[in-house]
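I open this notebook to record what I looked up in the model. The entries follow the order in which I consulted it.

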Amino acid sequence: MKSSSVNSFTKKIACPSSSLLLSSLFQALSPEIMTLIRHHLAACDFCCAEMPLLAHYESPLRGECKPPVIPINLRILAESLLWKSSAVQRVSERKKSLKVGLSIAGS
Ligand SMILES: [Zn+2]
C-alpha cells in the first residue's frame, strides 16, 4: 500500500469547512450552496464521514464555554507535582555540570 492512499482520507482544499457542513445540516444555507455541498458529499469520503459526527453537535448554552474552576486540593497537588518535576530537572542539570567539571579535572 502506498502512503499516498493513506493520506487521501483528509479534508482537501476543495472541501467545505466543518461549520459550513454544520450549517447545511440545519438547512441554514441557500439552495445553490446546499446543492454544491450535496454534490461534494457524493464525491468526498471524508466529508461524508464527517456529517454523522456533526449531527451530534449541540451549540453550547450561554455561559457554558468558560472553563471549570479547579478544586483547590487538585490545584495544590498539580502545583506541587510541577514544582517537583522542575526541581528534579534542576538537580539533573547540576549533576551534568558536575560531571563536566570532573572530566575536565580528570584530563
Ligand atoms: Zn470533502
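Entry 1, terms. Before judging burial, I note that a residue counts as buried if 20 or more other C-beta atoms lie within 10 Å of its own, and as exposed if 12 or fewer do. I also note that this is a predicted model.

Entry 2, overall layout. I looked up the secondary structure and found five helices and zero strands. Read from the N terminus, the order of elements is α-α-α-α-α. I then checked burial over the 107 residues of the protein, of which 5% count as buried.

Entry 3, confidence. The mean pLDDT of the protein is 81, and 70% of the residues score at least 70. Which elements have the lowest and the highest mean pLDDT? Helix H1 (residues 3–7) has the lowest, at 53, and H3 has the highest, at 95.

Entry 4, helix H3. I took H3 next and recorded 13 residues. From first to last C-alpha, H3 reaches 19 Å, close to the 18 Å expected at 1.5 Å a residue. How many of the 13 residues of H3 are buried? The number is one, so H3 lies largely in the open.

Entry 5, Arg 38. I located Arg 38 in helix H3, which covers residues 31–43. Is Arg 38 buried or exposed? Arg 38 counts as exposed because it has 10 C-beta neighbours inside 10 Å, and the limit for that class is 12 or fewer. I also looked up its separation from Leu 21: the two are 17 residues apart in sequence, and their C-alpha atoms are 9.8 Å apart in space.

Entry 6, H2 against H4. I examined helix H2 (residues 18–25) and helix H4 (residues 45–54), whose axes come within 10 Å and cross at roughly 65°. The crossing of H2 and H4 is right-handed. On the H2 side I listed Ser 18, Leu 21, Leu 22 and Leu 25, which meet Cys 47, Glu 50, Met 51 and Leu 54 in H4. By class, this contact of H2 with H4 has six nonpolar, one polar and one charged residues. I add a general remark on helices: with 3.6 residues a turn, residues three or four places apart point the same way.

Entry 7, Gln 27. I found Gln 27 in the loop between H2 and H3. Its phi is positive, about 55°, although Gln 27 is not a glycine. For context, most residues other than glycine have a negative phi. Gln 27 is exposed, because 8 other C-beta atoms lie within 10 Å.

Note on methods
Residues numbered from 1 in each chain as written. Predicted model: local features only at pLDDT ≥ 70, side-chain atom pairs only at ≥ 80, totals over all residues. Helix = DSSP H or I, 4+ residues; strand = E, 2+ residues; numbered from the N terminus. Expected span 1.5 Å × (residues − 1). Axes fitted to C-alpha atoms, helices over the stretch in contact; angles between N-to-C directions. Left-handed = near helix turned anticlockwise from the far one by under 90°. Contact = placed C-beta atoms within 7 Å. Nonpolar A, V, L, I, M, F, W, Y, C, P; charged D, E, K, R; others polar. pLDDT = per-residue confidence, 0-100.
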